[in-house]
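Hello,

I am handing over the structure we spoke about. Please have a look at it below; my notes on its cysteines and pockets follow.

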Amino acid sequence: MIKANYVWFNGELIKFDEAKIHMLTHTLHYGLGVFEGIRCYETKKGPAIFRNYEHIERLFHSAHICYMKIPFSKEEIRKAIHETIKANGFRNCYIRPIAFYSSGAMGLNPLNNKVDVAIICWEWGAYLGEEGLNKGIRCKVSSFNRHHVNVSMTKAKVCGNYVNSQLAKIEALLEGYDEALMLDVDGYVTEGSGENIFVVRKGVIKTPPATGILEGITRDTVIRLIKDLSLEFKEERITRDEVYIADEIFLTGTAAEITPVREVDRRVIGDGMPGPITKKLQDLYFKVVRGEIDKYEHWLDYVK
Ligand code: PPE
């Protein structure tokens, strides 16, 4: 059970146990809500929110794509995130801002309903398990395709988009895997149910272009780190068979951080253990988010 003391709701902090919404909440029925997932890490200068500005920017872009007007400014949301973390006394936590249509009219036009905004924080450990983070996870290519770019808006982090992710995730889990890999409608590799994907082959690191996937902020961070390390990098379409013969694979996401993949569809990847490039990027990523490298300190928003 997730536990916190306070959540932020429409401009004020309210007790976690008293944070309740109406049964006719429009987004509950139809899924047009937008959200973010952000992490705050303990650093030597206190807790810091990683790439908070970029996450808030994406929240507003998601809303814009969905014709939704968030009734707060970006700066108000940023301050609210700080307040929520402080009110709960968290040092390391996951932050979930969500904007959704509240009750009013039912039916498929949400525009006359009020937009509610909530920010919930909780302590969330390794998304795909400690063991997964250290030793790698097992993935299954999903029987569900990722969204066609003109069916769902994949650059928007929309609640309803996650039905597709959940079907893939459930299928993978029921079949004994840890995570799903999703192909687009043309059969190219896109992303995991809640993570972007990188493959390493013959020393070259590749990730699919940001069409038809969520433009991950961790993906962007990792690309920056790859470039700063002068490693060879390409953004290009990846096929399913290329995944099978990759030397290394890893998934990236705010929740998943950098999680190695050791097996896909019963094909062992590389030596079946996290490879050297994956480990190097993972170590560096954890140093960056914990404020251990000055060069990347500009990505931290210290909780004040
Ligand atoms: N693709 C998808 C579909 C996705 O949901 C995420 C984040 C990413 C890529 C990576 O994006 P970013 O976090 O900006 O690097 N998934 C979030 C939801 C996890 C959940 O289960 O809830 C997350 O990692 O916060």
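The structure holds zero disulfides. Keep in mind that this is a predicted model. Two cysteines show why no bond is counted, since a disulfide needs two cysteine sulfur atoms within 2.5 Å. For C40, the closest cysteine sulfur belongs to C93 and lies 4.6 Å away, which is too far for a bond. For C66, the closest cysteine sulfur is that of C159, at 9.0 Å, again too far for a bond. C40 is buried, with a relative accessible area of 2%, and C66 is buried as well, at 8%.

Now the pockets. The largest pocket holds about 630 Å³ of space. It is lined by 37 residues, and those closest to its centre are F35, R96, K157, Y162 and G194. At least two lining residues come from each of β6 (93-101), α5 (162-174), β10 (189-192), α6 (217-228) and β14 (248-253). The largest share is that of α5, with four residues. Sorted by class, the lining of the largest pocket has 14 nonpolar, 15 polar and eight charged residues.

The second largest pocket has a volume of about 470 Å³. Its lining is made of 18 residues, with I21, I98, F100, A118 and I120 closest to the centre. β1 (6-9), α1 (26-30), β6 and β7 (115-122) each give at least two residues to this lining. By class, the lining of the second largest pocket has 13 nonpolar, three polar and two charged residues.

Regards

Technical notes
Residues are numbered from 1 along each chain as its sequence is written. This is a predicted model: local features need pLDDT of at least 70, side-chain atom pairs count only at pLDDT 80 or more; totals for chains, interfaces and linings use all residues. Side-chain values use heavy atoms; hydrogens and water are left out. On a 1 Å grid over the protein atoms alone, a cavity is a set of points where a 1.4 Å probe fits but cannot get out, and a pocket is an open set with protein on both sides within 12 Å along at least five of seven lines; lining residues have an atom within 4 Å of a point. Grid points are joined across faces, edges and corners, and a volume is the space filled by probe spheres set on the points. Ala, Val, Leu, Ile, Met, Phe, Trp, Tyr, Cys and Pro count as nonpolar, Asp, Glu, Lys and Arg as charged, and the others, Gly among them, as polar. Buried means under 20% relative accessible area, exposed over 50%, partly exposed in between (1.4 Å probe, protein chains only).
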